[in-house]
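Visitor: I would like a guided look at this model, residue by residue where it pays off. Could we start once it is on the screen?

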Amino acid sequence: MRFVINNTYLSLRMSLTWLRLMGLWSPDLVRGWKKILYGCHTMFIYMFVVGTFIVIQAVDLYTIWGDIQLMTASAFVLFTNLTHSTKILNLVVRADRIKDIVRNNDRVLRLQDTVKSKNVVKSSVSESNFYFLVYGLVTLFTILLWLFAAALEAQDKQLPMRAWYPFNTTKSPLYELAYTHQAVALFLSASMNASKDILVTTLIAQCRCRLQLISTALKSLCQDMHIENNRLTQGQGDIVNLRLKECVQEHQNTLATVSELQNCFSEPTFAQFTVSLVIICVTAFQLVFKQAKGSNPLTWSSRRSLQLLDSVERCTALMLIRQRRLNEVKDTRVQYGSSFATDWQTGKPVRMLSMTFYLLNMVGQVYIYCREGNELSLESEKVSSSAYEFPWYQCPLPVRRSALIMMTRCRRTAKLTAAGFTTLSLASFMGICKASYSFFTVLKQMDEEK
């Protein structure tokens, strides 16, 4: 049984290999008891990485319901895991259809034999590898910063993420057990989630590369032909007509692959966009709240009231208010069943940096989807203009008619949508960012009023 996936794109090869190790990309030749064993492996990985996290964070969210700061601190990873579950279910249920898309794209790209077409494929591979590297590094840094921030606060028995456990995590070795579970689960969950995103975006990039290859082939229909008197001979016209038919057939196959991508990933993409909108808003709120809390242990109303005091009274009031805040923190300690011994919102730089990287990760995730979808639409539009660039006016009438039909068909742009609600485009990306900011202002206003 071969675990390493062979593909033209390094990004797809790495992500599919990791998904196979995590039980989400079964080998084709697995049958009988081996298939059952691989399914058990898939269920175990899911429950350890995602399922357990959903349960303990849902319970924690229930116990802190009503406190906006703590709810947002717990909800953003919970929503991520819920979306993660949706994408895992989609990948398992539609595995055969997705594998057909991967094999079809890889077969077409490997058949390219001209210098121009090979350069097009090479450029697309390099671009996909770049996004894979950047996205992977941002995800890795986010997880490492979460773990590092919790390790720095080990004396306070802080865990990387808010979560509920059925035991007291403030005592050893239970704290170390909970920390290890979160560290392993966060790393595996993030890597699996990133691999699924890379899978989808790379498949879109491959379809876009196939459209680029069609444009290149259309521009070269009359290549290596000696044209006399500005007219092609009958034999030359037959060759051009055959080449044009091949381009038309490949164009139809590419559009069919895009349609299959739409059918396979439309709903998970919509879930990803919806949750990303909420998570970007919640993470930005957490950053603002951390900065406000970390700048001074006093509340905002307390600082405004101090402006009316003179210098001597201000010093005395500062000491009293600080002491009062310390007493409040001690009173709010959770003695059992919580992963946080004190208020998690410490405002420490490492935690703020980890939240910043997480915000960048979520924004980058949406951006990659929208950019690839936007570039796919643009390349689809370019096919029509490419068909106009070859010397069609020197071709026989049947060739010119076929070229005209193709140009008319190519005016219908290929698009990918998120469950039909929004198109994957840069305009949609800006709309998501604006909506996240709007929700952020509402959430911040609710917190200030409270």
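Visitor: Does Arg-371 count as buried or exposed?
Guide: This is a predicted model: local features need pLDDT of at least 70, side-chain atom pairs count only at pLDDT 80 or more, and totals for chains, interfaces and linings use all residues. Residues are numbered from 1 along each chain as its sequence is written, and side-chain values use heavy atoms, with hydrogens and water left out. Buried means under 20% relative accessible area, exposed over 50%, and partly exposed in between (1.4 Å probe, protein chains only). Because its relative accessibility is 17%, Arg-371 counts as buried.

Visitor: Which residue forms a salt bridge with Arg-371?
Guide: A salt bridge here is a side-chain nitrogen of Lys or Arg within 4 Å of a carboxyl oxygen of Asp or Glu. The closest N and O atoms of the pair are 2.7 Å apart, and the partner of Arg-371 is Glu-127.

Visitor: Where in the chain do the two ends of this pair, Glu-127 and Arg-371, lie?
Guide: Helices (H or I, at least four residues) and strands (E, at least two) are DSSP runs, numbered from the N terminus. Glu-127 and Arg-371 form a salt bridge. They are 244 residues apart, and the pair links distant parts of the chain: Glu-127 in helix 5, Arg-371 in helix 10.

Visitor: Which residues are linked with Glu-127 and Arg-371 in a network of salt bridges?
Guide: Side chains of opposite charge can pair when their charged atoms come close. Glu-127 itself is partly exposed, at a relative accessible area of 21%. Joined with Glu-127 and Arg-371 in the network are Arg-208 and Glu-372.

Visitor: How many salt bridges does a search of the whole structure find?
Guide: Another one pairs the side chains of Arg-210 and Glu-250, at 3.0 Å from N to O. Arg-210 sits in helix 6 (residues 174–219) and Glu-250 in helix 7, so this pair ties together parts that are 40 residues apart in sequence. Arg-210 is buried, with a relative accessible area of 1%. Over the whole structure, the search finds ten.

Visitor: How far apart are the closest N and O atoms of Arg-94 and Glu-267?
Guide: Arg-94 and Glu-267 also form a salt bridge. Arg-94 is in the loop between helix 3 (68–93) and helix 4 (95–110), while Glu-267 is in helix 7 (residues 234–295), 173 residues away along the chain. Their closest N and O atoms are separated by 3.3 Å.

Visitor: Where is the kink in helix 10 centred?
Guide: Helix 10 (residues 349–389) has 41 residues and reaches 57 Å between its first and last C-alpha atoms, close to the 60 Å expected at 1.5 Å a residue; the expected span is 1.5 Å times one less than the number of residues. The bend at a residue is the angle between axes fitted to the seven residues ending there and the seven starting there. The kink is about 25 degrees, centred on Val-383.

Visitor: Within what arc do the buried residues of helix 11 fall?
Guide: Val-399, Ala-403, Met-406 and Met-407 are buried in helix 11. Seen down the helix axis, these buried residues line one face, because they fall within a limited arc; the arc is that of the directions from the helix axis to the C-beta atoms. On the other side of helix 11, Pro-398, Arg-401, Leu-404 and Ile-405 are exposed. The arc of the buried residues is 100 degrees.

Visitor: Which residue is joined to Ser-172 by a cis peptide bond?
Guide: Most residues other than glycine have a negative phi, and most peptide bonds are trans. Here omega is about 0 degrees. The partner is found in the loop between helix 5 and helix 6; Ser-172 is joined to Pro-173.

Visitor: What is the phi of Ala-419?
Guide: Ala-419 is in the loop between strand 1 (417–418) and strand 2 (422–423). At 31% relative accessibility, this residue counts as partly exposed. Although Ala-419 is not a glycine, its phi is positive, at about 60 degrees.
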